[in-house]
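Colleague: I should be grateful for a close look at a single part of this predicted model, namely the open sheet and what packs around it. Please take me through the pairing first and the surroundings afterwards.

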Amino acid sequence: MIDCQNLVKHYGPLLAVDDLSFQVEPGEVLGFLGPNGAGKSTTMRVIAGFLPASSGRVTVCGYDIATHATAAKACIGYLPEGAPSYPEMTPRAFLDFVADIRGMHGDSRRARLAEIYGLLHLEHVLEQSIDTLSKGYKRRVGLAQALLHDPQVLILDEPTDGLDPNQKHEVRELINAMAKDKIIIISTHLLEEVDALCNRAIIIAQGRILADDTPANLEARSKFHNAVSLRLADNVALEQIRKEIDALGDVERTEVDANANRLTAFPAPGRMPLRAISELSAERGWEFAELHLESGRLDEVFRTITGGAAA
């Protein structure tokens, strides 16, 4: 596992990471969430052995990253923010170089390189210099070097940054396929990426952990959890039905977005208003363009948690 105990990192007088403690085990895909400057990238750099901690201890697969750095780093595939590389090199030369420093050789090396080229669709750019590649291809080359030695631990800082929707889907599918037997930490500012990839999320701000839970449990903290959102057909007046929905015992209150012709009904404590609203609408003959149950909104939970910390 990855085990971080009382991790602290100072940059001069700035406290970037403030006494973080957490563990990540095989099969977990941990999403690191936080506003800019929260300490996400710094924490990942310390775990990867890229930066020394000011105090505290990190072990990766049983190796202390400070005292057994080489053994720990052999277990890690690390994609830094921005996917830095050598711009004058080609992807083929760069990945050959990475294979050299990872101690790969022989038929297994050739087979793994060919596999990685195909996995990340790099075949037709292998002979271009990296500085001529698009941002998306640079990101793929960076991901290729992180995956090349089939590490037990993946630390990925914004892995889909710069990718188009199809490329994002491919990378997410790849990460999901690897998740069963690896330890994966992902830093992202894309909340949909947490839903798509992660079975656990840590929200940090000002270098401190503010929440550590599954995405579903975090969504359940949202005021929209179990709320009913409906958009009315053009021939139905909004105020015509709002009072009747407000009067239902399962509904605590309603909010209206007149511009979108949308109403949101929030549940009374411990209640589920969807059935009552559906039955009432059938009885009254109301026409809805859209009617659905909200699971919760992670962006609203994120703003509530991190906004409170900032305040």
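Modeller: A convenient place to begin is a single pair of residues in this predicted model: Leu-156 stands opposite Ile-186, the latter in β8. The two strands concerned are β7, covering residues 153-157, and β8, covering residues 183-187; they run parallel and are joined by five bridges.

This pair belongs to an open sheet of six strands, whose order is β6-β7-β8-β3-β9-β10 and whose pairing is mixed. At the edges lie β6 (76-79) and β10 (208-213), each of which pairs on one side only. From one strand to the next the twist averages 15°.

Helix α5 packs on this sheet, where it touches β6 and β7, and its direction makes about 165° with that of β6. The helix also has a helical partner. Helix α5 (residues 135-147) packs with helix α6 (residues 165-178) at an angle of about 10°, the axes being 12 Å apart. Since angles under 35 degrees count as roughly parallel, α5 is therefore described as roughly parallel to α6. On the α5 side the contact is made by Gly-136, Arg-140, Leu-143 and Leu-147, and on the α6 side by Gln-167, Val-171, Leu-174 and Met-178. Sorted by class, the residues in this contact of α5 with α6 are five nonpolar, two polar and one charged.

Returning to the sheet, strand β3 is placed between β8 and β9 in the strand order. Strand β3 spans residues 29-33 and includes Leu-33. With a relative accessible area of 1%, Leu-33 falls under the 20% limit and so counts as buried. Apart from neighbours within four places in sequence, Leu-33 is in contact with Lys-40, Thr-188, Leu-191, Val-194, Ala-201, Ile-202, Ile-203, Ile-204 and Phe-302. A further relation links Leu-33 to Gln-206: the two are 173 residues apart in sequence, while their C-alpha atoms are 12 Å apart in space.

The cysteines complete the account. The count of disulfides is zero. Cys-4 is in no disulfide, and the nearest cysteine sulfur, that of Cys-61, is 12 Å away; Cys-4 itself is buried, at 0% relative accessibility. For Cys-75, the nearest cysteine sulfur is likewise that of Cys-61, at 4.2 Å, and Cys-75 is in no disulfide, because a disulfide requires sulfur atoms within 2.5 Å. Cys-75 is also buried, with a relative accessible area of 8%.

Conventions:
Residues are numbered from 1 along each chain as its sequence is written. This is a predicted model: local features need pLDDT of at least 70, side-chain atom pairs count only at pLDDT 80 or more; totals for chains, interfaces and linings use all residues. Side-chain values use heavy atoms; hydrogens and water are left out. Helices (H or I, at least four residues) and strands (E, at least two) are DSSP runs, numbered from the N terminus. Buried means under 20% relative accessible area, exposed over 50%, partly exposed in between (1.4 Å probe, protein chains only). Contact means heavy atoms within 4.5 Å. Axes are lines fitted to C-alpha atoms, for helices over the stretch in contact, and angles run from 0 to 180 degrees between N-to-C directions. Angles under 35 degrees count as roughly parallel, over 145 as roughly antiparallel, 65 to 115 as roughly perpendicular and the rest as oblique. Ala, Val, Leu, Ile, Met, Phe, Trp, Tyr, Cys and Pro count as nonpolar, Asp, Glu, Lys and Arg as charged, and the others, Gly among them, as polar. Two strands pair if DSSP finds at least two bridges between them.
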